[in-house]
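Visitor: Hey, got a minute to walk me through this one? I'd like to start with a single residue and work outwards.

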Amino acid sequence: MNEQAPASQGTQVTTRRDGSVGWIALDGPDRFNAIGTGTYTAVASAIRELEQDEAIRAVVVHGTGRGFSAGADIEEISGFTQRSDFESFVHGFTDALDVIAHSPLPVVAAIHGVALGGGLELSMACDLRVATPGAKLGLPEALLGVLPGAGGTQRLPRLVPTGIALELADARDAHFRRARPCSRSRQSPRR
């Protein structure tokens with residue numbers, strides 16, 4: 001299996017199997033793995049396909065290049081001409097993240113570099129997030145005058161203490177949280 005998002009949509013999505021682990025790569029390092037319509041559609045399709053393989057016991061989602069994902073594909077969004085275009089994008093992205101969140105397979109986000117905006121939202125849809133020391137996490141959408149649209153405001157406070165959630169989403173401060181070791185692993189409450 002080697003599904004890819006169309007090049008016209010930005011970041012490619014590739015999948016591979018390594019024993020019982022399915023790997024999904026966001027492969028658009030020249031644009032920090034920006035997530036466009038083709039990207040989130042391909043990620044959801046890859047999850048569904050890996051679920052059908054009885055040999056697969058877990059899935060790892062990761063970014064190529066210098067980061068996990070800088071978030072939504074602003075280039076694609078800037079081309080929207082109607083409000084309904086943006087609404088369709090957000091609903092599609094949210095639906096794709098729900099495919100991850102409801103997968104019967106454990107899904108792990110392997111974060112390095114940055115996981116911002118939609119990239120952080122993608123990681124929050126996973127069961128477990130593992131980050132390299134110094135990875136930068138944040139929801140900078142408020143700097144653009146918008147709210148995180150793909151479930152970030154709902155998922156974040158379920159995963160971290162309220163104070164940290166507010167800090168990650170605070171546009172006035174515009175700083176990003178560095179990943180740090182934690183004494184125990186945290187899984188989403190759905191399992």
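Visitor: Which helix is Asp98 found in?
Guide: Asp98 sits in helix α3. Keep in mind that this is a predicted model.

Visitor: And is Asp98 buried, partly exposed or exposed?
Guide: Partly exposed, because its relative accessible area is 28%, and the partly exposed class runs between 20% and 50%.

Visitor: How far is Asp98 from Ala125 in space?
Guide: C-alpha to C-alpha, Asp98 and Ala125 are 7.0 Å apart, with their positions 27 residues apart in sequence.

Visitor: OK, what about the helices there? How do α3 and α4 cross?
Guide: Their axes come within 8 Å and the crossing angle is roughly 30 degrees. Angles under 35 degrees count as roughly parallel, so α3 is roughly parallel to α4.

Visitor: Which residues meet there?
Guide: From α3 you have Phe93, Leu97, Ile100 and Ala101, and they meet Gly118, Glu121, Leu122 and Ala125 of α4. By class, the contact of α3 with α4 splits into 6 nonpolar, 1 polar and 1 charged.

Visitor: Switching topic: where does Ala44 lie, and is it buried or exposed?
Guide: Ala44 is in helix α1. It counts as buried because its relative accessibility is 5%, and the cut-off for buried is under 20%.

Visitor: What does Ala44 touch, neighbours within four places aside?
Guide: Ala96 and Val99 are its contacts on that basis. As for Asp95, its C-alpha is 8.5 Å from that of Ala44, and the two are 51 residues apart in sequence.

Visitor: So how do α1 and α3 cross?
Guide: The axes of α1 (residues 37–51) and α3 (residues 83–101) come within 9 Å and cross at roughly 20 degrees. That angle makes α1 roughly parallel to α3. The crossing is left-handed.

Visitor: Who's making that contact?
Guide: On the α1 side it's Thr37, Tyr40, Val43, Ala44, Ile47, Arg48 and Glu51. On the α3 side it's Ser88, Phe89, Gly92, Phe93, Ala96, Val99 and Ile100. Sorted by class, the contact of α1 with α3 has 9 nonpolar, 3 polar and 2 charged residues.

Visitor: Last one, the core. Which residues touch the most other members of the largest nonpolar core?
Guide: Ile24, Val59, Ile100 and Leu122, out of 36 residues in that core. Ile100 and Leu122 also turned up in the α3 and α4 contact.

Visitor: Which elements give two or more residues to this core?
Guide: The strands are β2 (21–27), β3 (58–63) and β4 (107–111), and the helices are α1, α3 and α4 (118–125).

Definitions and conventions. Residues are numbered from 1 along each chain as its sequence is written. This is a predicted model: local features need pLDDT of at least 70, side-chain atom pairs count only at pLDDT 80 or more; totals for chains, interfaces and linings use all residues. Side-chain values use heavy atoms; hydrogens and water are left out. Axes are lines fitted to C-alpha atoms, for helices over the stretch in contact, and angles run from 0 to 180 degrees between N-to-C directions. Helices (H or I, at least four residues) and strands (E, at least two) are DSSP runs, numbered from the N terminus. Angles under 35 degrees count as roughly parallel, over 145 as roughly antiparallel, 65 to 115 as roughly perpendicular and the rest as oblique. A crossing is left-handed if the near helix is turned anticlockwise from the far one by less than a right angle, and right-handed if clockwise. Contact means heavy atoms within 4.5 Å. Ala, Val, Leu, Ile, Met, Phe, Trp, Tyr, Cys and Pro count as nonpolar, Asp, Glu, Lys and Arg as charged, and the others, Gly among them, as polar. A nonpolar core is a set of buried Ala, Val, Leu, Ile, Met, Phe, Trp, Tyr and Cys residues joined through side-chain atoms within 4.5 Å. Buried means under 20% relative accessible area, exposed over 50%, partly exposed in between (1.4 Å probe, protein chains only).
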